[in-house]
Each structure stands twice: as structure tokens, then as C-alpha cells.
Amino acid sequence: MESNMTKEELRALIENKLSRHYGISIDEADRAQMYKSCARTILELLSEKRTKFNQKIKESQAKKVYYLCMEFLVGRSLKNNLYNLGLEDVFRNVLKQWNFDLEDLYNEEPDPGLGNGGLGRLASCFMDSLATLEYPATGYSICYEYGLFKQKIVDGWQMELPDIWLPGGHVWLNQRNDLVCHVRFNGHVEENWTDEGLQIKHLNYDEIEAVPYDLMISGLDSEGVAILRLWRARDLNNFDMSSFASGDYDRAMTEKMNAEVICKVLYPSDNHFEGKTLRLKQQYFLVSATVQDIIAEHLQQYETLDNFSEKVAIHINDTHPALCIPELMRILVDDYHYSWQRAYQLVKKTVSYTNHTVLSEALEKWPEDLIKGQLPRIYGIMKGLNESYCQELWKRYPGDWEKIERMSIISHGQVRMANLCVIGSSHVNGVSKLHSEIIQKHIFSDYYRLDTKKFISVTNGIAHRRWLCQSNPLLSQLLDDCIGPDYKKDASQLGKFRNFYENKEVLSRLQAIKQANKIRFSNQLQQNGIVIDPQSIFVVQAKRLHEYKRQLLNVLKIISLYLDLKDEPNLSLPPQTFLFAAKAAPGYYSAKEVIRLIWNLSNEIEKDATIREKIRVVFLENYDVTMAEGLLPAADVSEQISLAGKEASGTGNMKMMINGALTIGTMDGANVEIYEAVGKENIFIFGMTAEEVENKWKEGYAASSYYHNNEKIHRVVEYLRHGFNGESFESIYRYLLVGDYGIGDPYMCLADFESYLDVYKELLEAYHAPFRWSQKALINIAGAERFAADRSIQEYTNKIWNIPTLV
Ligand code: CJB
């Protein structure tokens, strides 16, 4: 993996960038200039690599994969590319001679927040794997001017500040003016029968330009380079000169702003549908530009679209890019005159879809009138698809109107995007075994019965090169020493680490590494004035704030421990630091209330000098990929406590496991497979199963019965009811016991509380035996072999995209 670039060669490359872009020599360069010059040097190397790779793909006529997602949470690029190109050491040495520290340059780079959480991070992990495994792949998304907001906590309340990432992030983007295309909105459609058949014209539309910006992602020790193509909207007319000339400056600018507002900001909600016009426009903007781009690239190589589905796989990541189905139909039928039937066949063979959530509030349902107004031609196509699909259903299920209605795309004035995706795709997959079973049994059961083979499961995975090798170099070194370096490209090799289960030296090194990572993270926090004890157990819950993820349940547990300590200050408990990291969607009141609760609990505990030695709560502000890279390797305990049946997979669970943290969790999402991988001795499982949850709902769940009948629950809830740290938490008390619609505690925190507390106490016991604990950590690291994104991608290529590996 070592590159053979010499120091002299590298020096010359960097000097050249400093001179070309800033007209300066090394001695004059500041950190920002040096960071950008290093980035440009890498880009030059990547471009050369990319050209060679493109040539190879072209010659082999390999099938290409296009991965569409409204979010890519890429993380910083400098470190990732240096690592994957094997250039970290030579860069570090050259920079050192010039008195620059590579770590400082890493910190110059903004962390582009072009995603909300798991969905966007998964997409980025997949790009890393696609490049490393040498598949020809392009990711498509939007170049949001502002990524996910920066989080600031003011007196416990989350405030949102804009994420201005482009000034430092721009350097990685290559503007492709040669590939600009046009996207049309509004207007109306005219249909005329002529001698040549039905002629369709879209008239009086508003048109804007889509300008692509490419970001290159290098594979490790491979010839592959993946492209992430991000679209920016640009006003086509650029400027209304006549208004300007007549002195109407405002008007001259308005049109431009209206067009460009499309890619201004990422919608900050996760697992939640925002039925806003601008969001719909963003979605269509992405898919229209993307499909045009894919078609243009295909035609350039093959000069026909007849072989489109043999050479192209288009993957839609969740329903957000679902409009690519009617958009592809539109282009095939209107622009290339394919028959409706043939076009539909091509679309169905080309497109595949991953479902990432079963939460009903996340399922996208657009008002029919909105789509009709904004995208009249697309609306017409969706109606056509709906009609022909319903006719097919009618033949199959004559008279069963209820079923046909459930399975249709458009119904009761709503366009159901998940149905569109299923109907328009070759395959539909869930992201863990449990989640795939749930979608087959529930939301897609009708379709599953109709076409069982369409549905498969691909468990998520993580880019272990980023989340283990780069974030945890000490552990990576230990693995190199024990099992050799092959696991970096073949994660299944991690399993060999099990052979060191009895090896005392390895186990004590493992312990020391965890300690070093905890110290490293504590030192980082100290720079921001937060002091934590690296000798304490680090219990980490890091993920978006959502009711179903149940950060509240974790808080209830901590309050219970706190009250135990207040009653009995000498209680023997190992020191614990509860670390929370989470952003709440700006309009998500109950989630923001939980942040306020955590923040105040933290302050309340800090007041007591004895108790804070034993338990401490820290809310880590502004969680992002960069923070995760420091935090996750430092975790002793990974909290994965969603209500069973709600978390599609989770990937933070995999990231902490591969870094040797032990999971306390429910049988939800990929936790089930983590449990299978490590065995019951090496994970702490509690709470109801998905089936038990379902049954409890059916019986009728009454949170109040737990409150009245369980002393521990009663005590904790009462503590909340009375408030603390000068604040009231009446709203949370009401949330748990009364609820908005008379359903208190909709995610059943109280039902799982007792089992959670019991199992947490078992975990604390287990921590008392450090040797055994290390053995458990070792089993988790080895067991992570199956949670690499490389494995997921191989499953996608084999089972869904039908792309053979390049040789
Ligand atoms: N997910 O992050 C999101 N956003 C959504 O809108 C829907 C789902 C998450 O996707 C991850 C990747 O598949 C899953 O691991 C996670 O369970 C799911 O919540």
C-alpha cells in the first residue's frame, strides 16, 4: 500500500501548486494555502489515475453503476485520499521538513455536511468500496451551498447555525462546464395526435441549468477512482439585463435567486418526510440532471439506448430520487421515441431501490396537485404508469379493489413514492435481515406476494478503512502485527483475530489501545474546555436524535443511577462517562426537549462533587463525521437501544463494534446480526423483540401501568415531573404518560426500562473483569468481518446490479 513517490517528487508537485495558485514559495505559505496545495496535488494524481481507469472501463465495456442519493455524508477528503493512495508517510515527512504538521492540515478542511446521518454516510461508505473494488461507479447528489446546520447549545436549547463549507471544501470539486444540462419545471403539456402518433409538448416551462461538480474518491491499493457528481442550479438567463438597464435591480436579481435557491440548503430532517415544494424541486432537479447525464454518457460510448439496461444500473437510495423512474421514461419515450412498453421494460431492468425505513412519517407521499403543477409531464407519466399497473392488477386480482388501491401509485390525491419505486424497480432491498423481513411482511407485503424474487436483503456495511484503519491507527497496527495487513482490502480476514483470544499480550495491548484512544479523545475535548476522566467507562450514544432511537431511555437509566447514588453516596459503582452526540431536526420539538434534558442533567450532576466522580454526562455539541472519527474508537460501550422493529439497520453499531466497543442493545436492525456474529456472551441484549412490540401494541400499550406498578420507574418519572437544575421537564413527563393523542410513551421506553437497567448492571459487572472484557472486545473486532461495506457492495453487484468484477 506504500506509494513509491519520492520526497523530491512530492516537493516539486506541492511547490508547483503554491506558485501556480498563489505565486508564492514554501517559506511564504500559510496553513490554508498549504492545505489547498496538498489537496490540488492529490487531485492531480487522482485525475491521472481516473483517466487510466476510465480507459480500462471503456475497453472492457463494463456495466456501470450510478448511485443516486439526496445525501452523501462524505467526511473530510484529504486524510482519506492520502491513506488510500498510500501517501500519508511521504506527505507527513515532506511537510515536517517545511514545519507543517499533517494533522494541522487535516484540521483546515471543513467537514462537508451534505447529509443528515446514516443514509448519507452509508452512501459515502459505498463509494469508498466501489472505488476499492474497482467497479465503475458514479454517485449523484446535490451540491448544497449549506450542508447540515452547525449545532450550538445555548442554555440547553439547540440552535442551528449555517454550515458554510464551500470556501475550504471547494478545492476538491471540479466544475464540469462541459456537462451542463437543463431541467424544466412548471408549464403545461399539450398532447396532439398526428400521423406519427401521439406528440407531446411541454410548453411555457421554466428552465434552469444544472452544473456538475465532481469529487473524486480513491480506492485503497486499487486502480479504481469513484466520482461523486454534485449538481448546482444556475439561472439560465443569468441576469435580466433589461430590468437592470431600466433601473429595476431587485427584479433583475430575483429570477436568478429563485433558480439558485434549489441547491441552497440540505433539508435537515432524517427519517421524516417534509412535503415542501422546494424539496420536490430538489428531488426532480437531481434526477433529471442525473438521468440526462447517464444517457449522454451511454450514447457517447454505444450510440444506442437499446443496450441501456445491460450496461447501466441505476440505484435509488431510499425513495427521495424515485422521480428518476418517470424521468427515464420521459426521455426514452419523448426524446428517443421508444414505445411505452419498451421504455417501461428498460426502466424496470435498469433501476433498483433500497428501502431504509419503515417509519410511517418518513414515507414520502406527495400531493397529486403539487406534482401536477410543478412537473406536469412527469405527472402525466406517473398517471400512465399507474393506470397500466392497475390494469395488470385487475387481471390478476379481479374485483379486489382494496388491494389494487393499496398497491397503486396514485390514490386519494396522493402520489406514493415507495409504491412507485417498487413498481419501477428490478429489485427492492432492506438493509438488515430483520428490516427486510419487516418490509416483506408489512409495508410491501402485497408486492412481495406478487413477486417474491424481487425482494432481497443486503445488510449494511461500513468503510472499515475509514472507520478502523484511519480512525484507529493503533488498533490497525495491532491487527497488522497479529493477522497481517490483508484485512484492509478483505475484511473477512478480521475473523482471524479470534485466534488471539487467549493471548495475554494481545489482550493487554488491546486494553492499552482503548485507553490511548480515550485519552486522545479526552484531550480533544479539553481543548474545548470539557474535562472528562479517561479512566472512566465511556458509554456512547451517538446518532441523530429521534424518539425511536430512545436517547430518552438512556437518560432514564442515568437518572436512576443518579438517584441511587444520591440515596447512597458510597455505592460501589465504576466511574462512568455518558457521552451523547446528536443533532435534532430544527422543527422536532420533542427531540430538542430531550437535548435540553440531557444538558440539564449534566449540569445537575456536576453540582455534586462526590457523584460526578462516579457518573458524568456530557452532551457533545455539533456531532459530525470528524467528531465520530475521534469518538467511536474511544467508546467502551455502544448504546443501540431503539425500539425493536424501528431501526432499519444502524451503522454506528458496526463502527463502534469494529473498534472494540461492546454493545448494549435491543434485537433491532443489524444488532440482531451483531448478536449472531459475536454470540450472547459478548453483547448485552435487553428488551422486547420486534414481535413482542407488535403484540404489545395490539394488546394496547399503557405506559401508566409501568409508572404505577414499578417503583424504580415511578421514582425516575417523578424526578422528571418535579424538574431539576431550575428547569421544568413537565413536557417530557407528559410525553411519557399522557402523549399527544392519548398515547403516552409511543416508543415504549417504560416497557423496556427494567430489562435495560438489569442488563446495564450486568455490563458494569463484566467491566470489573478487564481481561474478560478485552476478550469480548476482541470477539467484537473479529466479528465485524461481515459488516464491511465491501461485503455489502459485493452483494449489490452480484444480486442486484448484475455486474461482474473487473479483472
Ligand atoms: N435512515 O438516515 C436515515 N435517513 C432516512 O431518512 C431513513 C433511514 C437510516 O439509514 C441507515 C442506512 O441504511 C440505517 O442504518 C438506519 O437504520 C436508518 O435510520
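The exercises below, each with a worked solution, concern a predicted model. Residues are numbered from 1 along each chain as its sequence is written. Because the model is predicted, local features need pLDDT of at least 70 and side-chain atom pairs count only at pLDDT 80 or more, while totals for chains, interfaces and linings use all residues.

**Exercise 1.** Determine whether Lys655 is buried or exposed, and place Lys655 in its helix.

*Solution.* Start with the record: an unreviewed UniProt entry, whose annotations may be inferred rather than shown by experiment, puts the feature "modified residue: N6-(pyridoxal phosphate)lysine" at Lys655. Next, Lys655 belongs to helix 27 (residues 652-658), helices being DSSP runs of H or I with at least four residues, numbered from the N terminus. Then count neighbours: Lys655 has 29 other C-beta atoms within 10 Å and is therefore buried, the cut-offs being 20 or more for buried, 12 or fewer for exposed and partly exposed in between, with C-beta atoms placed from the backbone.

**Exercise 2.** Identify the residues nearest the ligand, and classify the shell around the ligand.

*Solution.* First, 19 residues surround the ligand, and Gly118, Leu119, His356, Ala648 and Ser649 come nearest; a residue counts if its C-beta atom, placed from the backbone, lies within 6 Å. Second, the shell divides into five nonpolar, 11 polar and three charged residues, where Ala, Val, Leu, Ile, Met, Phe, Trp, Tyr, Cys and Pro are nonpolar, Asp, Glu, Lys and Arg charged, and the others, Gly among them, polar. Finally, domain 2 (61-76 + 111-460 + 794-801) and domain 3 (516-787) each supply at least three residues of the shell, with bounds taken from an automatic or database domain assignment.

Terms used: Helices (H or I, at least four residues) and strands (E, at least two) are DSSP runs, numbered from the N terminus.
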